[in-house]
Structure formats: C-alpha cells, structure tokens
Amino acid sequence: MGRLILKDISKKFNDFLALENVNFEVEDGEFVCLLGPSGCGKTTILRLAAGLDSPTDGEIFLDGKKIAGTNKECGFVFQEYALFPWRTAKGNIEFGPQVKGCSKEECERISRHYIDLVGLRGFEDHFPHELSGGMKQRVGIARAYANKPKLLLMDEPFGALDAQTRNIMQAELLRIWEKEHISVLFVTHSVDEAVYLADRVVVMSARPGTVKEIFGINLPRPRIRTSPEANALRDAILRSLGSEIKRAASI
Ligand SMILES: Nc1ncnc2c1ncn2[C@@H]1O[C@H](COP(=O)(O)OP(=O)(O)OP(=O)(O)O)[C@@H](O)[C@H]1O
Ligand SMILES: [Mg+2]
C-alpha cells in the first residue's frame with residue numbers, strides 16, 4: 001500500500017502564499033511526476049508529504065492516515081544531499097535498516113545490494129566528503145531505497161548526474177519501482193524524464209502553486225523516448241509548462 005492524497009492544500013510562509021488549493025493523488029504503486037516553474041512549490045509539496053512541515057490549510061493522507069509529524073513510511077531524496085557526514089557510504093545506507101532493528105548481517109546484506117545497484121562498489125567505506133556530487137546523490141538514493149518505503153519522495157534526484165548515469169539511474173528506479181511495488185512522487189524540471197518515467201504528470205502553475213493540468217502517460221514500458229506518442233506528449237506538456245514559466249517570469 002502507498003496511496004497519497006493531497007486535499008485542498010494551501011501553504012503560507014508568513015504572508016507569502018506558496019501553495020493554493022492543491023489537489024491530487026498518487027495511487028498505490030503509481031509513479032507521478034511533478035513539473036512546474038521554479039518557485040511554484042514542488043519541494044514544499046514533498047516536504048509536506050514527508051511531514052517535515054505542515055500545510056496551512058487542507059490535509060494529506062497516506063493510506064487513509066492523516067500525516068502529522070515526520071512520515072516514517074516515506075523515503076526521501078532531496079535536492080541537497082543531506083547525508084550523515086559522520087557515517088560512511090555504507091553507514092548511511094544502513095541507517096534505515098538499523099533504526100528498524102535489522103540484524104548486523106541483514107543490514108550488511110541490504111547495503112551490499114543497494115551499493116551494487118547504484119554502482120558504488122569500492123566506495124562503501126568512503127565518507128561523504130570523499131565522494132563526488134553524483135556519488136553522494138547515489139548514496140542518498142540507495143539510502144532511501146534501503147528503507148523499503150511505501151512512498152518514495154524524490155526532488156530532482158538525478159539533476160546533478162551526467163546524462164549517461166542519469167539514464168541508467170532512471171532505468172534502475174523503474175526496475176525497483178516495478179519490483180518493490182512502491183508509490184513514487186518525483187519532482188523534475190525535465191519533461192523528457194517525466195514522459196520516460198511517469199504514469200501521470202502533474203503540471204503546476206506559477207505561484208501560488210496549484211495543479212494546472214494532469215497528463216496520463218499510457219505508454220508501454222520499457223519506453224522508447226523518441227516514439228511518436230512520446231514526442232506528442234512531450235510537446236503537449238511543454239506547451240502547458242511553457243506558458244507557466246513565462247507567467248512566473250512576469251509575476
Ligand atoms: N521555509 C520557507 N520560508 C519562506 N519561504 C519559503 C520557505 N520554503 C519555501 N519558500 C518559498 O515558497 C516558494 C516555493 O518554494 P519551493 O522550494 O517549494 O519551490 P520549487 O517549486 O521547489 O522551486 P525549484 O524548482 O526552484 O526547486 C518559493 O517562493 C520559496 O521562496
Ligand atoms: Mg525545489
């Protein structure tokens with residue numbers, strides 16, 4: 001299970017209205033991408049879903065339970081790496097399983113699996129300051145996966161990666177998503193990435209952020225990025241997003 005419902009969400013920071021009346025859902029096992037101009041409130045939505053902050057109005061539910069306080073059933077991968085600097089790559093990945101009370105052997109089995117998955121073999125014992133930006137991001141991703149969350153919240157997780165690693169990580173994410181049956185809410189600035197990954201794409205308006213349009217991506221997987229259907233969807237999403245980016249620039 002992992003059904004997220006955002007119901008009439010508004011968020012004010014003092015007098016500043018960042019989000020207004022946001023309504024959408026991530027169905028159990030669904031992959032939803034969130035697109036919108038910079039500053040429209042995408043990260044704020046993820047923080048609210050993670051329970052790191054609370055909405056000014058409205059409610060958020062995960063599997064029918066209202067989110068209040070840090071949501072332990074979520075895994076997050078944020079724009080900034082936010083690794084524990086005093087733990088090695090392996091130690092960061094094992095954090096979730098340790099908190100859950102897994103045995104030492106089980107923690108090691110989990111961390112080995114995810115270290116291989118994200119291509120960090122040989123760097124297990126490096127501390128974050130000894131890793132490149134892309135490697136730190138991969139540790140963050142492995143740490144989120146290792147927690148076996150019901151819902152994965154990802155904020156531009158592949159933005160700092162080179163194009164080739166990014167393609168590999170996208171394919172791996174889809175593999176994990178299909179295998180482990182998790183729901184994913186994924187923020188990106190890349191329409192191409194959204195059309196490759198998502199079941200549905202939520203396009204947000206310029207601030208105050210609200211849902212402008214939702215596109216269903218009913219293309220079979222694995223997807224061909226350059227198929228005529230993918231191109232047509234990309235064009236439609238770009239048009240919807242483009243007008244909001246222009247509007248954001250003029251606010
Ligand atoms: N803690 C905070 N205090 C005050 N204002 C905030 C806070 N967090 C976010 N904001 C404001 O809310 C708005 C939305 O911010 P948010 O980070 O959610 O945007 P975003 O859509 O993720 O942008 P980007 O695409 O650039 O990452 C911005 O105008 C930002 O300045
Ligand atoms: Mg953001």
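**Exercise 1. In this predicted model, work out which residues surround ligand 1 and which elements supply them.**

Start by listing the shell: Phe13, Phe16, Ala18, Gly36, Ser38, Gly39, Cys40, Gly41, Lys42, Thr43, Thr44 and Arg207. Next, look for elements that give two or more residues; strand 2 (16-26) and helix 1 (42-49) qualify. Helix 1 contributes the most, with three residues. Finally, sort the shell by character: you get four nonpolar, six polar and two charged residues.

**Exercise 2. Find the members of the largest nonpolar core that touch the most other members, and say where the core draws its residues from.**

The core holds 68 residues, so to speak a long list to go through. The best-connected members are Val32, Leu34, Leu35, Ala49, Leu153, Leu185 and Phe186. Now check the elements: helix 4 (residues 133-146) gives the most, seven residues. Then check the domains: domain 1 (4-73 + 150-250) and domain 2 (85-148) each supply at least three residues to this core.

Zoom in on Ala49. Leaving out residues up to four places away in sequence, Ala49 touches Leu4, Ile60, Ile67, Asn71, Cys74, Leu153 and Leu185.

**Exercise 3. Is the chain as compact as a globular protein of its length, or less so?**

First count the elements: seven helices and ten strands. The radius of gyration is 18 Å, close to the 18 Å that the globule rule gives for 251 residues, so the chain is as compact as a globular protein of that length. The C-alpha trace spans about 50 × 45 × 35 Å along its principal axes. As for burial, 41% of the 251 residues count as buried.

Key. Residues are numbered from 1 along each chain as its sequence is written. Chains are lettered from A and ligands numbered from 1 in the order in which they are written. This is a predicted model: local features need pLDDT of at least 70, side-chain atom pairs count only at pLDDT 80 or more; totals for chains, interfaces and linings use all residues. A nonpolar core is a set of buried Ala, Val, Leu, Ile, Met, Phe, Trp, Tyr and Cys residues joined through C-beta atoms within 7 Å. A residue is buried if 20 or more other C-beta atoms lie within 10 Å of its own, exposed if 12 or fewer, and partly exposed in between; C-beta atoms are placed from the backbone. Helices (H or I, at least four residues) and strands (E, at least two) are DSSP runs, numbered from the N terminus. Domain bounds come from an automatic or database domain assignment. Two residues are in contact if their C-beta atoms, placed from the backbone, lie within 7 Å. The radius of gyration is taken over C-alpha atoms; the globule rule is 2.2 Å times the number of residues to the power 0.38. A residue is near a molecule or strand if its C-beta atom, placed from the backbone, lies within 6 Å of it. Ala, Val, Leu, Ile, Met, Phe, Trp, Tyr, Cys and Pro count as nonpolar, Asp, Glu, Lys and Arg as charged, and the others, Gly among them, as polar.
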